[in-house]
Amino acid sequence: MKNVNITTAKKRYNSIMNAIGSEHNTIGERWSEDTSNWNLRDMVAECDYQLTCYREGGHCNSDLIDGTPEERKKWRSDVGRLERFINTYGPFVENL
């Protein structure tokens, strides 16, 4: 198994959180809230939680799938980015 570059993972994670409107979940940025001690497991877990919000009926993020073509495109993009992050870094995390 290859090694994980935590700096690259954090940069990618912050980019995703900024894109989905969860700036408070970023690490080491202006709007970060109580995330200074987060590790890779925390980042993967947060992405997994956010992904469930995109699939949970009645949640504002899941409502994007039924919206305009632009909203559906945003939904697919966000879900894809979250899934790719989880698939990339999840195997390095034990017992999620």
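# Asking around glutamine 50

Biologist: Which residues does glutamine 50 touch, not counting residues up to four places away in sequence?
Modeller: Contact here means heavy atoms within 4.5 Å. With residues up to four places away in sequence not counted, glutamine 50 touches Met17, Ile20, Ser22, Asn25, Asn61 and Leu82.

Biologist: What kind of model is this?
Modeller: Residues are numbered from 1 along each chain as its sequence is written, and side-chain values use heavy atoms, with hydrogens and water left out. Local features need pLDDT of at least 70, side-chain atom pairs count only at pLDDT 80 or more, and totals for chains, interfaces and linings use all residues, this being a predicted model.

Biologist: Is glutamine 50 buried or exposed?
Modeller: Buried means under 20% relative accessible area, exposed means over 50%, and partly exposed is in between (1.4 Å probe, protein chains only). Glutamine 50 sits in helix H2. Its relative accessible area is 7%, so the verdict is buried.

Biologist: How many helices and strands does the protein chain have?
Modeller: Both are DSSP runs, numbered from the N terminus: helices are H or I with at least four residues, strands are E with at least two. Reading from the N terminus, the elements go α-α-α. The tally is 3 helices and 0 strands.

Biologist: How far apart are the end C-alpha atoms of H2?
Modeller: The expected span of a helix is 1.5 Å times one less than its number of residues. H2 has 16 residues, so it should span 22 Å; the model agrees, with its end C-alpha atoms apart by 23 Å.

Biologist: And what do the buried residues of H2 pack against?
Modeller: That buried set is Leu40, Met43, Val44, Glu46, Cys47, Gln50, Leu51, Cys53 and Tyr54. An α-helix has 3.6 residues a turn, so residues three or four places apart point the same way. The packing partners of the buried H2 residues are helix H1 (6–19) and H3.

Biologist: Which residues of H3 are buried?
Modeller: H3 has 21 residues and should span 30 Å, which agrees with its end C-alpha atoms being 30 Å apart. The cover over its buried residues includes H1 and H2. Those buried in H3 are Trp75, Asp78, Val79, Gly80, Leu82, Phe85, Ile86 and Tyr89.

Biologist: What does asparagine 61 contact, leaving aside its neighbours within four places in sequence?
Modeller: Asparagine 61 belongs to the loop between helix H2 (40–55) and helix H3 (69–89). With 14% relative accessibility, this loop residue counts as buried. Beyond those sequence neighbours, asparagine 61 is in contact with Gln50, Cys53, Tyr54 and Trp75.

Biologist: I work with cysteines a lot, so how many disulfides are there?
Modeller: A disulfide is a covalent bond between the sulfur atoms of two cysteines. The rule used here asks for a pair of cysteine sulfur atoms within 2.5 Å. By that rule, the disulfide count is 0.

Biologist: Why is cysteine 60 without a bond to cysteine 53?
Modeller: Cysteine 60 is exposed, at 57% relative accessible area. Its closest cysteine sulfur is the one in cysteine 53, and that is too far for a bond because the gap is 8.0 Å.

Biologist: How far is cysteine 60 from glutamine 50 in space, C-alpha to C-alpha?
Modeller: In sequence, glutamine 50 and cysteine 60 are 10 residues apart. Glutamine 50 lies in helix H2. In space, the C-alpha to C-alpha figure for glutamine 50 and cysteine 60 is 12 Å.

Biologist: Asparagine 14 caught my eye; which residues does it contact, leaving aside its neighbours within four places in sequence?
Modeller: Asparagine 14 is part of helix H1. It has a relative accessible area of 6%, so it is buried. Leaving those neighbours aside, asparagine 14 is in contact with Thr26, Ile27 and Glu29.

Biologist: What is the phi of aspartate 34?
Modeller: Most residues other than glycine have a negative phi. Aspartate 34 is in the loop between H1 and H2, and at 76% relative accessibility it counts as exposed. Although not a glycine, aspartate 34 has a positive phi of about 55°.

Biologist: Last one: what is the radius of gyration of the protein chain?
Modeller: It is taken over C-alpha atoms, and the globule rule is 2.2 Å times the number of residues to the power 0.38. Along its principal axes, the C-alpha trace spans about 40 × 30 × 20 Å. For 96 residues a compact globule would come out near 12 Å, and the protein chain agrees with that, at 14 Å.
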